[in-house]
Amino acid sequence: WVTGHWLTGRVVPGRAFDYSIFGPYAFTNAEEPITRAGITYEPWPIKHSEITTTGNLDKSDITVTLAAGTGLEDQFVGYPPSQVINLTIFQGHMDDVPSLVDYPAQWLGRVTAPEFGDNEVAFNCVPVSTSIQRPGLRRNYQLGCPHVLYGAACQANKETATTRRTVTSINRNRVTFGVPLTNPATYIGGLLEWTTPNGVKETRTVAKVSNSGTEVSLRGSLRGLLVGATVGAVLGCGRNMQSCKTLHDNILNYGGQPFIPLDN
């Protein structure tokens, strides 16, 4: 038997921003390339832990281990990808012609975290049923708004809240613009988005903005960001009624309960 491992990113419904595309990366433990549904799986030292079929899929986490050198591990160094990384494992018999029927999907899920060894990298992966069965966060009775900014419940206009700027310098996790941002403090907690030369969209949270509005500090590495690139600076939100109304003109979708009685 041979197996093929297919890793790719996708857009996640309900998220506040577009994650764009990651990969794809396709590997097989066969000695020669295998092409299935137009995708070529390259031979590479790769294996995965035992896949259990007890009927309780939420316990069938697996570990995929492969030799370093594919370039896949580089995407996780310093800061994980902005995309949700999916993994699909196909299995078939070496004598069969690779097809959708003879090489069916054996396992589907997503990558959660890597573990780096001397000459290999191991990816911890959880099945897709984990996300389906996990109970969602309950909405608390609170003054502040619990909605994901620009998400489905918030519905604030992200495009209107985005300002384009050109990067003039980069220093570690700090980015400098030639033209300052208006009202710099309103971008704290917001986003900075850019597209790498490889076409991958990266997103980071804005941690700090200088008083001049020309420098922003981000949470995470600036992978793929180059001087001269055009980035999108997206407004943050104070999670209160004033920010919702004045910054985003979105008070009708405010998720907090501002009129909670003060007397217990």
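These legends go with a set of close-up views of a predicted model.

**View 1. The whole chain, before we zoom in.** Two helices and 15 strands make up the secondary structure here. The chain runs to 264 residues, and 41% of them count as buried. Look at contacts with a separation of 6 or more, and 59% of them are between residues 24 or more positions apart.

**View 2. The largest nonpolar core and the strands that feed it.** This core has 23 residues. Val175, Phe177, Leu192, Val216 and Leu218 are the ones with the most contacts inside it. Strand 11 (174-177), strand 12 (191-195), strand 13 (201-209), strand 14 (215-219) and strand 15 (230-234) each give two or more residues to the core.

**View 3. Who sits around Phe177.** Set aside the neighbours within four places in sequence and there's still plenty to label. Phe177 touches Arg165, Thr166, Val167 and Thr168, among others. Its list of contacts also includes Leu192, Gly213, Thr214, Val216 and Val231.

**View 4. Another core, apart from the largest one.** This core is made of 18 residues and lies apart from the 23-residue one. Phe22, Tyr25, Ile62 and Cys125 are among its members. Cys125 is well worth a label: this residue is buried, at a relative accessible area of 2%.

**View 5. Lys158 meets Glu193.** The model has five salt bridges in total, and in this one the N to O distance is 2.6 Å. Lys158 comes from the loop between helix 1 (128-133) and strand 10 (162-171), while Glu193 belongs to strand 12, so the pair ties together parts that are 35 residues apart in sequence. Both side chains belong to buried residues: Lys158 is buried, and so is Glu193. Keep Lys201 in the frame too, as Lys158, Glu193 and Lys201 are linked in a network of salt bridges.

**View 6. Glu202 with Arg204 and Arg223.** Glu202 pairs with Arg204 in a salt bridge, at 3.0 Å from N to O. Glu202 also forms a salt bridge with Arg223, where the closest N and O atoms are 3.2 Å apart. That second pair links distant parts of the chain, with Arg223 in the loop between strand 14 and strand 15 and Glu202 in strand 13, 21 residues apart. How exposed or buried are these residues? Arg204 has 1% relative accessibility, so it counts as buried. Glu202 is buried as well, with a relative accessible area of 3%, and Arg223 is also buried.

**View 7. Cys237 and Cys244, a pair that doesn't bond.** What keeps these two cysteines from counting as a disulfide? The closest cysteine sulfur to that of Cys237 is in Cys244, but it's 6.1 Å away, which is too far for a bond; the cut-off is 2.5 Å. The count for the model comes to zero disulfides. As for its surroundings, Cys237 is partly exposed, at 24% relative accessibility.

**View 8. The lining of the largest cavity.** The structure holds three cavities of 30 Å³ or more, and the largest contains about 90 Å³ of space. Cys237 and Cys244 turn up again here, as both line this cavity. Cys145 and Cys154 are among the lining residues too, along with His147 and His248. The rest of the lining comes from Leu149, Arg239, Asn240, Asn250, Asn253 and Tyr254.

Conventions:
Residues are numbered from 1 along each chain as its sequence is written. This is a predicted model: local features need pLDDT of at least 70, side-chain atom pairs count only at pLDDT 80 or more; totals for chains, interfaces and linings use all residues. Side-chain values use heavy atoms; hydrogens and water are left out. Buried means under 20% relative accessible area, exposed over 50%, partly exposed in between (1.4 Å probe, protein chains only). A nonpolar core is a set of buried Ala, Val, Leu, Ile, Met, Phe, Trp, Tyr and Cys residues joined through side-chain atoms within 4.5 Å. Helices (H or I, at least four residues) and strands (E, at least two) are DSSP runs, numbered from the N terminus. Contact means heavy atoms within 4.5 Å. A salt bridge is a side-chain nitrogen of Lys or Arg within 4 Å of a carboxyl oxygen of Asp or Glu. On a 1 Å grid over the protein atoms alone, a cavity is a set of points where a 1.4 Å probe fits but cannot get out, and a pocket is an open set with protein on both sides within 12 Å along at least five of seven lines; lining residues have an atom within 4 Å of a point. Grid points are joined across faces, edges and corners, and a volume is the space filled by probe spheres set on the points.
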